[in-house]
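Student: I'd like to go through this model and ask where the labels come from. Could you take me through the definitions as we go?

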Amino acid sequence: MGAGGRRPCLLSYLPSPAKGESEDQGRFNKRRTEMAYIDRCDWSRCTECGQCLMQCPVLEMDKPAAVSAIRNLISGAPAPDVFEKCTFCFNCNRYCPVEGLRPHELILQRALEHRGKVPGILKYLANGRGRTNLFSDMYEKFTAEEKQILEKWSVVPEQKEILWIGCMGKLSCRDIEHSTVLAPLAKFGPPDLCCGELAYRLCSWEMYEQTAQRTLEVFSKLNIDRMVCYCGSCYNYFSSILPKVYGVTLPFKIISMYQWLWERFEKGELRVTAPRAFTAAIHESCYVTELEDDFADCLRRLYHTAGVETVELAHHGDCNLSCGAVSAVRSLNVLSSIFKEQRRKYGEVSDAGASQIAVNCPGCYVTLSFSNWLFGKKLRYMPDELLAAFGDTITTPLGKRMPMIMTTAARRFPGLMFSR
């Protein structure tokens, strides 16, 4: 344990450089497989109750099928029903009655072994590994002003409380930089760093570990008390995945931008000046089950405070349905995800009597943007909506960046929409 009872950061767990190897080479070498979650976890503790797969809102297996599948996953035998249907939504972790066991990571690892070599398109989508990728290509298309903002955000700030802006958040860099609501926070988010979500969700431990190592090395230079995460995914990966999967806690407090906004509102430092007068069904990102209940509650409080009338879907909270992003990329067939998985989500939105969807996760927003028009639904990207409600002027909403996202990816991989 470090000072104050905190565990040291991940860098403390990296192996020493091999003889004749530089410190940096040793830090970023490939000898990281020993940190793969299932290799560090005693799966003999599994009771084979099958609850993780029986209660899954997607798999919904009966007990014999669930028990058989979990046995196969633990032993490394094929589990085709799981690999073909699982949307990697984290829900199964909450259903497991054995403390410390995480079926989600077990399925991730087995899916990687089942898939074999990681396709080039998957590597291209993941930022933070020091290579050309979707995000670096998009940042190259930025205006001169936007590029200057990213340069500014690459400098380690001196303030004790900062706003961390991840990969997708940088697409809104101009609005964030000039935000009056976020003005009290120093901004930080070098363009080549990432929380590691994409690599992690694509079932590649090696990619995730390389990404995390790069980011955490830079974090070791921060002298801060608190980091506010603009993106909920970053908040999840820094506050939940690191400690739960690797037993590592960062040496500073981490909260989401939503929690920070609510703090300021309760203190009277923020007020709603432009209420958002619309009704929308709440779409929760799959990582909501990994976080404390207050995260989901905070979203709802903020939405209502901003003037949004919310509608709950049949599946929400700890049994919510994924947007389909991870399985879409895994299958390399976006249209398959639209008609196989998202159709159920949109059906629940219609059943709830809603025509609009409140989305807080940028990945969910991008994925649902491929299909919302087919189902007659309008998406509301809530980070933009909330900042606007509290007085900001949004000049570059995430929706405006969709053509850039799609054309950049399509230029590198023209068959992305339809290939298997």
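The talk below sets values from this structure against the definitions behind the words.

Tutor: This is a predicted model, so local features need pLDDT of at least 70, side-chain atom pairs count only at pLDDT 80 or more, and totals for chains, interfaces and linings use all residues. Residues are numbered from 1 along each chain as its sequence is written, and side-chain values use heavy atoms, with hydrogens and water left out.

Student: How many helices and strands does the chain have?

Tutor: The chain comes to 21 helices and 8 strands. Helices (H or I, at least four residues) and strands (E, at least two) are DSSP runs, numbered from the N terminus.

Student: What makes alanine 277 exposed or buried?

Tutor: Buried means under 20% relative accessible area, exposed over 50%, and partly exposed in between (1.4 Å probe, protein chains only). Alanine 277 has a relative accessible area of 77%, so it is exposed. Alanine 277 sits in the loop between helix H15 (257–266) and E5. Its C-alpha atom is 9.9 Å from that of alanine 389, 112 residues apart along the chain.

Student: And what is glutamate 48 called, on its relative accessible area?

Tutor: Its value is 29%, so glutamate 48 is partly exposed. You'll find glutamate 48 in the loop between helix H2 (37–40) and helix H3 (51–54). Its phi is positive, about 55°, although it is not a glycine. Glutamate 60, in the loop between H3 and H4, also isn't a glycine and has a positive phi of about 45°.

Student: What share of the chain's residues count as buried?

Tutor: Of the 420 residues, 58% do. As for contacts (heavy atoms within 4.5 Å), take those between residues at least 6 apart in sequence: 74% join residues at least 24 apart.

Student: Which strands are the edges of the sheet with the order E2-E1-E3-E4?

Tutor: That is an open sheet of 4 strands with parallel pairing. Its edges are strand E2 (186–188) and strand E4 (253–256), each of which pairs on one side only. From one strand to the next, the twist averages 30°.

Student: How do you know that E1 and E2 pair?

Tutor: Two strands pair if DSSP finds at least two bridges between them. Strand E1 (residues 161–164) and E2 have 3 bridges, in the parallel sense. Tryptophan 164, for instance, has phenylalanine 188 in E2 as its bridge partner. In general, strands of a sheet pair through backbone hydrogen bonds, either parallel or antiparallel.

Student: Which helix packs on that sheet?

Tutor: H14 does, touching E1, strand E3 (226–229) and E4, and its direction makes about 150° with that of E4. Axes are lines fitted to C-alpha atoms, for helices over the stretch in contact, and angles run from 0 to 180 degrees between N-to-C directions.

Student: What about the sheet with the order E6-E5-E7-E8?

Tutor: It's an open sheet of 4 strands, with parallel pairing. Strand E6 (309–311) and strand E8 (378–381) are the edges, each pairing on one side only. Neighbouring strands are turned by 40° against each other on average, direction ignored. Strand E7 (residues 356–359) runs parallel to E8 and is joined to it by 4 bridges, and valine 359 stands opposite tyrosine 381 in E8. Helix H19 (residues 362–369) packs on this sheet, touching strand E5 (279–283), E7 and E8, with its direction at about 160° to that of E8.

Student: Why are H13 and H14 called oblique?

Tutor: Angles under 35 degrees count as roughly parallel, over 145 as roughly antiparallel, 65 to 115 as roughly perpendicular and the rest as oblique. Helix H13 (residues 205–219) and helix H14 (residues 232–246) pack at about 120°, with their axes 13 Å apart. H13 and H14 are therefore oblique to each other. By class, their contact has 10 nonpolar, 1 polar and 1 charged residues. Ala, Val, Leu, Ile, Met, Phe, Trp, Tyr, Cys and Pro count as nonpolar, Asp, Glu, Lys and Arg as charged, and the others, Gly among them, as polar.

Student: Which residues meet where H4 and H7 touch?

Tutor: Ile70, Leu73, Ile74 and Ser75 in H4 meet Leu106, Ile107 and Arg110 in H7. They divide into 5 nonpolar, 1 polar and 1 charged. The axes of helix H4 (residues 63–75) and helix H7 (residues 103–115) come within 9 Å and cross at roughly 60°.
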